[in-house]
Amino acid sequence: MKLFLTGMAVLIAGYFLYGKVVRTILAPDDRITPAVKNGDGVDFVILPNWKNMLIQLLNIAGIGPVIGVIIGIRFGEAVFLIIPAGCILMGAVHDYVAGMMSIRHNGANLPELVRLTAGRHVARIFSVFLCIALLLVVAVFVNVPAKLATALVELPHEFLLTVLVIFAYYVIATLFPVDKIIGRIYPLFGMMLLLGTAALLAALLVDNWREPGLLTESAAFAAKKFTAANNMPLVPMLFVTIACGILSGFHATQAPIVARTMKSEKQGFGVFFRMMAVEGGIAMIWAAGALAVYNKFPELIGTNPNGVLARIADTFLHDHISTVVVISVIILAVTSGDTAMRSLRLSLAESFHVDQKPILLRLMLTGPLIAAVAGLLLWSNKDAGSFNVLWTYFAWANQVIAAFALLAGSIYLFHLKRPAFITVIPGMFITFVVTTYILWTSPEHGGPIGLGLELRYAYLIAGFVSLAVFGWARVRSGSVNVNG
């Protein structure tokens, strides 16, 4: 319990103290925003600030701060300190810098920001990688909510129908103007999420008062937690397992959606930095719920996280509130999947210079995406092994995107001669993590396909790669032309 409360205090203090440092470095001003300059009634539409904040929260708060931390808390109570520190020093900075860069470059998507900073050759490679990664995101965010929804209504044989309904919604949300669907229903969903999570926090605090030690590792839990001895070293595995609650490159793909609906860039801190801090709080609460359930029911350790999620809700909340909480988690996944598909459309339109005001041109870009995701869904549902591979590479690819976003942000800040440590330090760290992961992981290490090197050698090579990449960023910054 002490580590949980300490972590929440770190999150709040970090938001105010480090947030002020970051905002000062980015120096938002009164320049004209893309929504004001380029209003088209489809993607560039001014929305109220409170709506933008709730839209951004639902865009970024996928299943990572729930499903990811249900798995991730198995690394132990140290997670209660790693989540808030990582959220403020890495995730919130990443989201804010990506969002501000997009606002200052006409609502540019991440591939375009990478092109402006790292150059067209790097951007071409990244664009291909991003398209594949976002297709994985959409496939995962169809699968997981469909499974949760069919379990909630106890009709598992309706899984295929649920998949089709969710996927159809994704297509509609991708094609329609941002204010017609996303701008209308997201605020309501956002309030459901926040109320449900607040109810879980209150229930956990009351139960811990009645049963001291509920939020402290039990002997049974400690015996089964993740360690290097069972092929789950903290670095890199924790930062791949818990993505959205600490750092997520997916957020940088979502930032341009809201960057195109903001009236003033001074709203950027609340929309990007603050909402990531809120997501960190959500992750902390669900991590606490998972630890409490694992302590109460040790037999659940290592079981399907979807089942653990349902047990958390059933154990600590009344029936009606429990249902609302599970629905809010389903919404989390759905409202990230639809904007992932929208982001794909926008990125392709930007790369191929396709006007997105005519709906026929939007359909032209969306059609191939529908076919690709449908293929992934068919493959991933063949068996549990296929979905596990899909999930693993989705999580790793997510952090690779974050490394590129922080690289672009570092070049941007270096070029403007502003303190770049806010992006360089987390950028080097996550580059180290994703490089270590692919060098070390292998079936022999309990993971998917990788090079299977010994961990010490993977660390050594990854350290060199991180230094080389961000050393290059410093050199590269002298030859770019970006807007301050």
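Reader: What makes the radius of gyration of this protein agree with that of a compact globule?

Author: Happy to start there! This is a predicted model. A compact globule of 484 residues would have a radius of gyration near 23 Å, and the protein has 21 Å, so the two agree. Along its principal axes, the C-alpha trace spans about 55 × 50 × 40 Å.

Reader: Which elements of secondary structure is the protein built from?

Author: The protein has 19 helices and zero strands. Of its 484 residues, 60% are buried. Among contacts with a separation of 6 or more, 81% are between residues 24 or more positions apart.

Reader: Why is Q267 called buried?

Author: Let's set its value against the cut-off. Buried means under 20% relative accessible area. Q267 has 19%, so Q267 counts as buried. Q267 is found in the loop between α12 (250–259) and α13 (268–296). Beyond its neighbours within four places in sequence, Q267 is in contact with N49, N52 and M262.

Reader: Why is C131 called partly exposed?

Author: Partly exposed covers the range between under 20% and over 50%. C131 has a relative accessibility of 24%, so C131 belongs in that range. C87, on the other hand, has a relative accessible area of 0% and is therefore buried.

Reader: How many disulfides are there, and how do you know?

Author: A disulfide needs a pair of cysteine sulfur atoms within 2.5 Å. By this rule the count is zero.

Reader: What makes N231 and K417 worth a look?

Author: Their backbone angles! Most residues other than glycine have a negative phi. N231 is not a glycine, yet its phi is positive, at about 65 degrees. K417 is not a glycine either, and its phi is positive too, at about 60 degrees. N231 sits in the loop between α10 (219–224) and α11, while K417 sits in the loop between α17 (384–415) and α18 (421–440).

Reader: Why is K417 called exposed, and N231 partly exposed?

Author: Exposed means over 50% relative accessible area. K417 has 75%, so K417 is exposed. N231 has 28%, so N231 is partly exposed.

Reader: Which peptide bond is cis?

Author: The one that joins V235 and P236, with an omega of about 20 degrees. Most peptide bonds are trans. P236 lies in helix α11, which covers residues 234–241.

Reader: And what supplies the exposed surface of the protein?

Author: Carbon and sulfur atoms supply 69% of the about 18400 Å² that the protein exposes.

How values were computed
Residues numbered from 1 in each chain as written. Predicted model: local features only at pLDDT ≥ 70, side-chain atom pairs only at ≥ 80, totals over all residues. Heavy atoms only, no water. Helix = DSSP H or I, 4+ residues; strand = E, 2+ residues; numbered from the N terminus. Rg over C-alpha atoms; globule rule 2.2 N^0.38 Å. Buried < 20%, exposed > 50% of the residue type's maximum accessible area, 1.4 Å probe, protein only. Contact = heavy atoms within 4.5 Å. Areas by Shrake-Rupley, 256 points an atom, 1.4 Å probe, with all protein chains shown as cover.
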